[in-house]
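Trainee: Could you take me closely through one part of this model, its strands and how they pair, and then place that part in its surroundings? I would like one connected account rather than a list.

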Amino acid sequence: MLVIEGITKTFQDRPVVDDFSLTVPENGFTVLIGPSGCGKSTLFDLLMGAQPMETGRIRWRDEAVPDLRLLAAYMQQSDLLLPWLGLADNACLPADIAGVPGDRSRQRIRRLFERLGLGGFESHLPAMVSGGMRQRCALARTLMFERDLVLLDEPLSALDAITRRNLQQMLRLLKTDFGQTILMVTHDIDEALLLADELLVLTPLPMRICDRIAIEVPQPRRTEDSRLVAIKHRVLAMLQEEGGQP
Amino acid sequence: MNRSLMLPVGILLALAGLWEAGSRLSGLPDFILPPPSRILQVAVGNAPQLLPHAGITLVEILAGILLALAVAVPLAVVMFARPSLEKALAPFLVASQAIPVFALAPLLVIWLGYGLASKILMAAVIIFFPITVSLLEGFKSCDPSYRVLFNLMGAGFRQTLRRLYWPWALPYFFAGLRVGVSVATIGAVIGEWIGAQQGLGYLMIQSNARLKTDWVFAAILWLSMMGLALWHAVGWLERHCLAWKNFSDKPFRGGTNR
């Protein structure tokens with residue numbers, strides 16, 4: 001279980017994150033949804049140690065940790081593939097850096113690529129494939145971190161609607177097939193409803209949780225499902241009340 | 001003929017034609033302005049005498065490039081790794097380029113003698129600056145998001161240097177190397193002018209003293225050919241090392257979109 005307690009961050013005397021607390025259950029898929037610029041990415045920066053937090057504590061599996069830098073895998077909006085490496089070499093980077101023997105990581109990446117529909121593209125350079133394939137490769141790289149906790153920072157927001165829909169199902173694999181605990185931020189309500197076990201609605205600055213919704217609709221979900229539509233209306237009303245647009 | 005070569009060759013032939021005509025019509029003696037046909041005749045016809053000198057100069061340039069690389073690459077890495085060191089060293093680096101090489105040449109000949117060493121050092125002094133500065137700029141230009149990614153993967157500086165910074169900075173490195181090799185001849189030749197017993201610079205000084213201007217031009221022609229050859233060698237190496245850029249420079253046009 002990931003427990004975040006009382007995180008605070010101020011920029012130029014303006015609180016961006018104010019006494020923010022959150023609990024993500026083991027093997028849970030928790031999604032934070034909030035208006036653009038509400039401080040979601042700042043929160044991730046604080047969690048990953050890219051920026052120092054002023055106050056707050058992080059606990060992972062009952063152990064206090066300074067940040068999640070070496071505990072969590074992180075996937076961002078940009079695929080961040082190295083243009084000079086083939087897709088398989090890109091995906092194997094975390095394993096190569098960790099000193100995992102090359103043949104072991106290559107075997108694993110072959111299986112992963114087959115699973116993610118990238119089979120046969122192992123040696124292709126990132127510039128030779130589509131944005132969706134690059135993002136799937138970034139997902140494979142995230143899995144190669146071999147960490148039980150995954151932070152996803154709007155990982156699909158740069159993709160077109162169809163590619164996005166396909167990849168949303170693949171993100172679920174992180175939980176169902178790889179048993180990982182996921183904390184994701186997005187501003188896409190439909191994406192949040194399709195993926196989340198628990199949805200946390202955020203306010204504009206300073207960021208705080210204004211609603212917490214457990215989504216118990218079984219997978220696979222459809223956005224037209226009346227229960228999801230009802231939750232969507234509730235989230236939109238909440239965001240409107242708080243004065244932000246997702 | 002390759003179309004990209006047609007224009008420069010055309011310009012060269014036109015200039016040579018003008019020069020040839022001007023030289024013949026003006027009636028100037030060969031020791032003041034020899035016609036290109038005469039220069040070509042000396043450069044090719046006396047190749048057995050010129051080539052050993054060209055070989056010496058080429059060795060000085062190549063050794064100067066290697067020495068410059070041996071200094072510039074670690075220096076750029078250290079300055080990138082320790083920004084405080086960059087601040088401390090920057091004034092010395094700039095000062096090293098502000099001093100004219102003509103001023104350094106006699107000193108280097110006194111310290112290192114009339115042999116190859118002083119010329120190699122002269123060439124290296126000229127080359128190392130553009131390589132250091134370009135490489136450092138290349139390292140610094142690395143997208144911070146990639147640095148964060150490598151940090152999250154637990155990569156130390158050495159691993160990040162090998163897998164991220166170095167490949168990222170390679171295009172900058174080659175840009176610096178191209179500038180370096182194109183000016184490398186200056187260092188070697190100046191060194192030979194000041195004190196040498198062989199080399200194209202030495203041959204130019206000797207020929208100049210005997211008013212053999214056609215030989216001076218023939219030496220310049222060989223120097224130019226060497227400079228061009230080095231430029232193209234670096235270009236070939238760059239294309240070989242940066243083959244991935246051929247794909248990255250072209251936007252994705254589909255075909256494997258799944």
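Mentor: Let us start from a single pairing: A:Ala72 has A:Leu149, in strand 7 of chain A, as its bridge partner. Please keep in mind throughout that this is a predicted model, and that what follows describes that prediction. The partnership of A:Ala72 and A:Leu149 belongs to the pairing of strand 6 with strand 7 (residues 149–153) of chain A, two strands that run parallel and are joined by 4 bridges. In a regular strand, side chains alternate between the two faces of the sheet, and it is therefore worth asking about each face separately. For strand 6 of chain A, which spans residues 72–75, both faces are covered: A:Ala72 and A:Tyr74 are buried on one side, and A:Ala73 and A:Met75 are buried on the other.

Just before strand 7 of chain A there is a backbone feature to inspect. A:Glu146 sits in the loop that runs from helix 4 (131–144) to strand 7 of chain A, and its phi is positive, at about 50°, although the residue is not a glycine. Most residues other than glycine have a negative phi, which is the reason for pointing this one out. Because A:Glu146 has 14 C-beta neighbours inside 10 Å, it counts as partly exposed.

The parallel pair can be set beside an open sheet of 4 strands in chain A, whose order is 2-1-4-5 and whose pairing is antiparallel. Its edge strands are strand 2 (14–24) and strand 5 (63–65) of chain A, each of which pairs on one side only. On average, neighbouring strands of this sheet are turned by 25° against each other, with direction ignored. Within the sheet, strand 1 and strand 4 of chain A run antiparallel and are joined by 5 bridges, and in this pairing A:Glu5 stands opposite A:Arg57 of strand 4. Strand 4 of chain A, which covers residues 55–60, also pairs with strand 5 of chain A, again in the antiparallel sense, over 3 bridges. There A:Ile58 stands opposite A:Val65 in strand 5 of chain A, while A:Arg59 has A:Ala64 of that strand as its bridge partner. The hairpin formed by strand 4 and strand 5 of chain A has 2 residues between the strands, and A:Arg61 takes a positive phi near 50° in it.

A further positive phi lies at the edge of the sheet. A:Asp19, which is found in strand 2 of chain A, has a phi near 50°, a positive value in a residue other than glycine. With 13 C-beta neighbours inside 10 Å, A:Asp19 exceeds the limit of 12 for an exposed residue but does not reach the 20 required for a buried one, and it therefore counts as partly exposed. Helix 1 (residues 40–47) of chain A lies across strand 1 (2–11), strand 2 and strand 4 of chain A, and it runs at about 70° to strand 2.

Moving to later parts of chain A, A:Pro220 lies in the loop between strand 10 (209–214) and helix 7 (226–242) of chain A. The peptide bond that leads from A:Gln219 to A:Pro220 is cis, with omega near -5°, whereas most peptide bonds are trans. Helix 7 of chain A contains A:Arg234, which is partly exposed because 14 other C-beta atoms lie within 10 Å. A:Arg234 and A:Asp211 are separated by 23 residues in sequence and by 9.5 Å in space, taken C-alpha to C-alpha.

To place the strands in the chain as a whole, the domain assignment gives domain 1 of chain A as 1–71 + 149–165 + 181–246 and domain 2 of chain A as 79–146. The C-alpha centres of these two domains lie 27 Å apart. Their contact takes 6 residues from domain 1 of chain A and 4 residues from domain 2 of chain A, and on the side of domain 1 the residues divide into 5 nonpolar, 1 polar and no charged.

Finally, chain A also touches chain B, through a contact that takes 21 residues from chain A and 19 residues from chain B. On the side of chain B, helix 7 (144–152), helix 8 (157–194) and helix 11 (245–248) each supply at least two residues, and helix 7 of chain B gives the most, with 6 residues. By class, that side of chain B has 10 nonpolar, 7 polar and 2 charged residues.

Methods
Residues numbered from 1 in each chain as written. Chains lettered and ligands numbered in written order. Predicted model: local features only at pLDDT ≥ 70, side-chain atom pairs only at ≥ 80, totals over all residues. Pairing = 2+ DSSP bridges. Axes fitted to C-alpha atoms, helices over the stretch in contact; angles between N-to-C directions. Contact = placed C-beta atoms within 7 Å. Nonpolar A, V, L, I, M, F, W, Y, C, P; charged D, E, K, R; others polar. Domains from an automatic or database assignment.
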